[in-house]
Amino acid sequence: QQAYPVGMIMSARRYHKGAMNADPASIERIEMAAMTDFYRAAPGRLRASHGIETRQVEGALCLVCRNFQPALMFRRVLGLGIAVPATLDAFDRVCGFMDRFGEPYSVHLSPHAQPAELSAWLERRGFTRGYAWMKFVRLCSPLDAHTDLEVRTIGPVEGDAFGRVIVQGFGLDAMLVPWIAALPGRENWICAMAFANGTPVGSGA
């Protein structure tokens, strides 16, 4: 069967100095939980037309979404070798699951993933190294920051504007707006927007 890897994204870490002792495995689990719920939030029609799904395979989270680009956002593997060290058989099953969709995908490999041979296994399958996918960690204490923008948390009423800003900012397909718009007001999500003179100019969750 033809494999379609596009790259191995090395997940770097950036810690807020002195704020906390961040456990790498916990950080990975948080991202995996967030992405699982994001895929669950996809509207039914979009889910059906683009085969949007998640699958746990050998402790790794496989995210599948056909046709949308870029692959490193919508077709990727998270957490490989984090919960338990990956075996070569487990690694083959993870890649085999993703290969069967016939589209490029990425494997986000944490520097803490085990065994150390994972990088070599990926390269032997034709993966190439991509840029570091960074995670920033800090406590929830107030941040002393100054800006001319109005920054505030939002709810479902502003979901459409939230989705449009992200789609435009990342150059994504406009069909993704309703999916991203489902996040504001969703349980366990905190969504924020930045406004310049009342105009939405930034979004984050």
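## A strand pair to start with

Let's begin with one pair of residues: leucine 61 sits opposite leucine 78 of strand S5. Keep in mind as you look around that this is a predicted model. Leucine 61 is part of strand S4, which covers residues 60-64, while S5 covers residues 76-78. The two strands, S4 and S5, run antiparallel and are joined by 3 bridges.

S4 has another partner too. Strand S3, made of residues 53-57, is joined to S4 by 5 bridges, and this pair is also antiparallel. Here arginine 55 stands opposite cysteine 62 in S4. What holds paired strands like these together? Strands of a sheet pair through backbone hydrogen bonds, and they can do so in a parallel or an antiparallel way.

## Strand S4, wrapped up

Why is S4 described as largely enclosed by the rest of the structure? Because 5 of its 5 residues are buried. To count as buried, a residue needs a relative accessible area under 20%.

Now check where the side chains go. In a regular strand, side chains alternate between the two faces of the sheet. In S4, Ala60, Cys62 and Val64 point one way, and Leu61 and Leu63 point the other way. Both groups are buried.

## Turns and loops around S4

S3 and S4 form a hairpin with 2 residues between the strands. Glutamate 58 lies in that loop, and its phi is near 55°, which is a positive value in a residue other than glycine. Is glutamate 58 buried or partly exposed? It is partly exposed, because its relative accessible area is 40%.

On the other end of S4, the loop to helix H3 holds asparagine 67. This asparagine 67 also has a positive phi, near 80°, and again it isn't a glycine. With 52% relative accessibility, asparagine 67 counts as exposed. Proline 70 lies in the loop between S4 and H3 as well (H3 is residues 71-74), and a cis peptide bond with omega of about 5° links glutamine 69 to proline 70.

There's a second cis bond to find: glutamine 114 and proline 115 are joined by one, with omega of about 5°. Look for proline 115 in the loop between strand S6 (105-109) and helix H5 (118-124).

## A buried glutamate in helix H1

Helix H1 spans residues 24-40, and glutamate 31 is found in it. Is glutamate 31 buried or exposed? It counts as buried, because its relative accessible area is 14%.

So what does glutamate 31 touch? If you leave aside its neighbours within four places in sequence, glutamate 31 is in contact with Arg76, Leu78, Trp133 and Lys135. One of those names should ring a bell: Leu78 is the residue in S5 that stands opposite leucine 61.

## The sheet of S8, S9 and S10

Further along the chain is an open sheet of 3 strands in the order S8-S9-S10, paired antiparallel. Its edge strands are S8 (150-153) and S10 (199-204), and each of them pairs on one side only. From one strand to the next, the twist averages 25°.

S8 and S9 are joined by 4 bridges, with arginine 152 having methionine 193 in S9 as its bridge partner. S9 (residues 192-196) is joined to S10 by 5 bridges. Across that pair, alanine 192 stands opposite glycine 204, and alanine 194 stands opposite glycine 202. S9 and S10 make a hairpin with 2 residues between them, and in the turn asparagine 197 has a positive phi of about 55°.

What lies across S9 and S10? That's helix H6 (residues 159-170), which runs at about 75° to S10. S10 also contains valine 201, which counts as partly exposed because its relative accessibility is 47%. Together with Leu149 and Val151, Val201 makes a nonpolar surface patch of about 250 Å².

## Stepping back

Overall, the protein has 7 helices and 10 strands. Of its 205 residues, 44% are buried. The protein exposes about 11200 Å², and carbon and sulfur atoms supply 55% of that area.

How do distant parts of the sequence come into it? Take the contacts with a separation of 6 or more: residues 24 or more positions apart account for 69% of them.

Definitions and conventions:
Residues are numbered from 1 along each chain as its sequence is written. This is a predicted model: local features need pLDDT of at least 70, side-chain atom pairs count only at pLDDT 80 or more; totals for chains, interfaces and linings use all residues. Side-chain values use heavy atoms; hydrogens and water are left out. Two strands pair if DSSP finds at least two bridges between them. Axes are lines fitted to C-alpha atoms, for helices over the stretch in contact, and angles run from 0 to 180 degrees between N-to-C directions. Contact means heavy atoms within 4.5 Å. Patches are made of residues with over 30% relative accessible area and no salt bridge: like charges are joined within 9 Å, nonpolar side chains (Val, Leu, Ile, Met, Phe, Trp, Tyr) within 5 Å. Accessible areas come from the Shrake-Rupley method with a 1.4 Å probe; for residues, only the protein chains shown count as cover. A salt bridge is a side-chain nitrogen of Lys or Arg within 4 Å of a carboxyl oxygen of Asp or Glu. Buried means under 20% relative accessible area, exposed over 50%, partly exposed in between (1.4 Å probe, protein chains only).
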